[in-house]
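Below is a short briefing on selected local features of one protein chain. Keep the sequence and the 3D view open while reading.

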Amino acid sequence: MSDLVIVESPAKAKTIKKYLGSGYEVIASMGHVRDLPENRLSVDIKHDFKPKYEVIKGKEKLVEELTKMAGKSDHVYLATDPDREGEAISWHLAYLLNLSLEDKNRVTFNEITKTGVSNGMNQPREIDLDLVNAQQARRILDRLVGYKLSPFLSQKIRRGLSAGRVQSVAVRMIVDREAEIQAFKPEEYWTIDAKCIPQGSRKQFPASFYGDENGKIKITTEDQANGILEELKDKEFIITKVKKGTRRKSPAPPFITSTLQQEASRKLGFQARRTMKAAQELYEGIEIKGMGAVGLITYMRTDSLRISEDAIKDAGDYIRERWGEKYLPDKPRHFKSRANAQDGHEAIRPSMPSLSPADVKDSLSNDQYKLYKLIWERFIACQMANCIQSTMQADITAGRYIFKASGYTVTFDGYTVLYEESKDEAKESEGALPPLEKDMKVRIKELLPNQHFTQPPPRFTEASLIKALEEYGIGRPSTYAATITTITSREYVVREGKTLKPTELGEVSTQLMKERFPKIVNLKFTAQMEKELDTVEEGKTQWVDILHEFYGDFDKTLKKAKEEMQGVKIQLKEDETDIICEKCGRKMVIKTGRYGKFIACPGYPECKNIKKLIQDTGAECPKCGGKIIVKKTKKGRIFYGCDHYPDCDFVSWDEPSMEKCPRCGKTLLKKKGKNPKLYCVTPDCGYEKVEEKKDE
């Protein structure tokens with residue numbers, strides 16, 4: 001007989017099987033096997049919120065197979081992911097397979113390498129019920145909020161709306177930021193910039209107006225700026241102070257989940273969901289040429305900055321061999337995690353630091369390679385020496401006014417030879433200054449006044465929203481990607497370039513939540529709830545007590561809102577169309593029903609006119625001259641087809657453009673990708689041209 005190891009995914013199973021060899025059967029549960037059913041609340045509120053779990057629809061045969069295999073095996077090991085969710089999956093599996101919770105059958109792998117798997121298998125333990133209860137508490141809490149609030153929002157605003165504990169707060173943050181932007185009143189200010197050339201040199205350097213010997217002077221009007229320029233006429237510019245120094249820049253720490261998502265957004269343009277998908281694949285294992293299946297990174301859901309000593313040593317050996325001893329710091333770097341971080345796992349790092357991105361590039365998809373390169377470079381850089389810069393600051397006096405200039409030169413590149421962290425807001429980079437000395441005269445080539453206006457706070461991007469959620473303590477590393485996906489797919493928020501902008505639906509629903517359920521969208525309350533869930537994980541609090549404390553007040557608030565808003569329906573402006581109802585003359589509106597969106601007369605029930613919602617691309621069908629409209633497959637993938645279907649069978653995955661082919665006059669289609677192009681829909685024509693990229 002053999003031992004049975006159960007993991008979540010086939011890829012993970014394949015990699016682990018390679019290291020365990022014969023004597024072990026490794027099988028995937030394909031994620032959760034038991035959960036709260038979707039079509040009902042499934043929580044017995046009157047009996048201490050007892051959950052009513054069921055085998056997930058479609059997984060009955062898989063559970064039967066797992067049960068048979070477990071019955072034939074000497075030992076069963078539950079090797080799901082090393083976090084709350086993974087612990088809960090193992091707990092559900094133990095229940096379904098009739099395994100004792102007192103048996104040491106739970107194993108975890110921080111990394112899926114030979115060492116990582118061996119270490120995990122050698123340290124089996126009991127299922128951690130505190131971790132399970134923390135997951136249960138979160139699951140039930142979110143179910144109560146979602147299933148109690150969603151029908152209320154659907155009734156008052158629009159059918160099909162959903163409410164969520166974390167998503168509602170995220171939408172509120174985006175809505176509040178938009179309100180700040182709208183309310184912002186720009187203030188005028190001026191700067192005076194000088195282009196300077198030092199005595200005896202030809203090299204030009206910039207300097208900016210600062211003020212006078214009493215301090216900084218704020219220039220608020222053009223008249224004030226012109227007055228200063230008038231005073232500066234014929235004045236001699238002399239360097240009155242030079243300060244030289246040395247600046248040491250330390251590398252950023254290795255990634256945790258939130259910083260990985262932020263940096264992948266800034267550097268790679270990845271949405272959080274895309275980042276986590278590629279990271280999961282890198283963790284579970286990929287077929288590497290000459291090596292077989294290998295887990296390339298450590299577990300990717302973590303908020304700990306801890307690094308194993310073996311990994312630090314391997315990184316040091318690689319740095320020494322690649323760049324030399326001088327690129328190593330005086331002693332290995334260790335990083336301190338945030339106070340409320342869960343320290344169950346290491347930081348996100350390559351499982352084998354010696355395996356460079358170039359070594360594995362041919363075996364990885366584009367996304368996998370880009371993300372692995374980012375993780376690998378960040379980790380190796382965090383164990384490298386500081387970047388050393390020689391800095392110079394100079395005060396230039398002209399009459400009673402002072403200008404300032406600053407710059408630096410890199411004397412040792414250190415970790416920046418490999419990697420530098422991106423920032424949400426790019427700052428103007430300083431350049432090197434020419435040799436400057438006190439009492440040196442400066443010739444002014446140009447003195448320019450520039451008008452500016454203060455700017456409102458920027459809209460959130462995915463990166464800055466994740467950073468804000470983390471700083472407030474809202475949600476957990478594993479929830480950020482799902483939260484952003486939910487609020488965009490539910491149309492509370494839309495993307496404009498890289499920024500997130502609230503829709504009218506997002507603004508109206510947030511306003512309703514603020515008025516009726518202030519606690520649910522209160523940032524401090526939500527953060528406090530996360531802390532309480534952590535105390536369950538730590539074994540300090542009973543999960544049922546947290547639910548009782550929350551639900552009593554929540555239920556009263558909900559009942560009050562229902563009573564006071566009886567018969568109230570909020571109409572959204574954005575739902576109105578330009579289509580006139582031919583029966584009664586009103587402007588028709590977009591409605592959401594069980595099968596998606598449709599157009600209906602707002603005069604219901606007097607007028608019951610409805611129409612199918614058709615999104616016209618404005619392009620002409622090349623076969624019959626009809627309209628090309630947007631369509632969707634059963635799985636939601638967009639394609640384009642003729643509105644005369646089934647009489648006309650024209651379809652295309654590529655979006656039609658408004659342009660006509662200059663050769664044959666047919667419609668041009670848009671081919672997306674790295675090199676977007678327009679091409680003729682007629683294969684025999686062969687016309688194509690590279691599409692001009694729009695300036696951002």
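Ser-42 is buried, because its relative accessible area of 6% falls under 20%. The model is predicted. The points below cover the surroundings of Ser-42, then an exposed lysine, Lys-423, then an open sheet of 4 strands.

**Ser-42**
- Ser-42 sits in the loop between strand 3 (34-35) and strand 4 (43-44).
- A polar atom of the Ser-42 side chain lies 3.3 Å from the backbone oxygen of Arg-40.
- Neighbours within four places in sequence set aside, Ser-42 is in contact with Leu-36, Pro-37, Lys-50, Pro-51, Lys-52 and Arg-143.

**Lys-423**
- The loop between strand 15 (401-412) and strand 16 (441-453) holds Lys-423.
- Lys-423 counts as exposed because its relative accessibility, 59%, is over 50%.
- Lys-423 and Glu-688 are 265 residues apart along the chain. Their C-alpha atoms are separated by 39 Å.

**The sheet of strands 23 to 26**
- The 4 strands form an open sheet in the order 23-24-25-26, with antiparallel pairing.
- Strand 23 (616-620) and strand 26 (651-652) are the edge strands, and each pairs on one side only.
- Strand 23 pairs with strand 24 (residues 627-632) over 2 bridges, in the antiparallel sense.
- Glu-620 has Lys-627, in strand 24, as its bridge partner.

Definitions and conventions:
Residues are numbered from 1 along each chain as its sequence is written. This is a predicted model: local features need pLDDT of at least 70, side-chain atom pairs count only at pLDDT 80 or more; totals for chains, interfaces and linings use all residues. Side-chain values use heavy atoms; hydrogens and water are left out. Buried means under 20% relative accessible area, exposed over 50%, partly exposed in between (1.4 Å probe, protein chains only). A polar contact is a pair of N or O atoms within 3.5 Å; within protein, one must be able to donate a hydrogen and the other to accept it, and residues adjacent in sequence count only if both atoms are side-chain atoms. Contact means heavy atoms within 4.5 Å. Two strands pair if DSSP finds at least two bridges between them.
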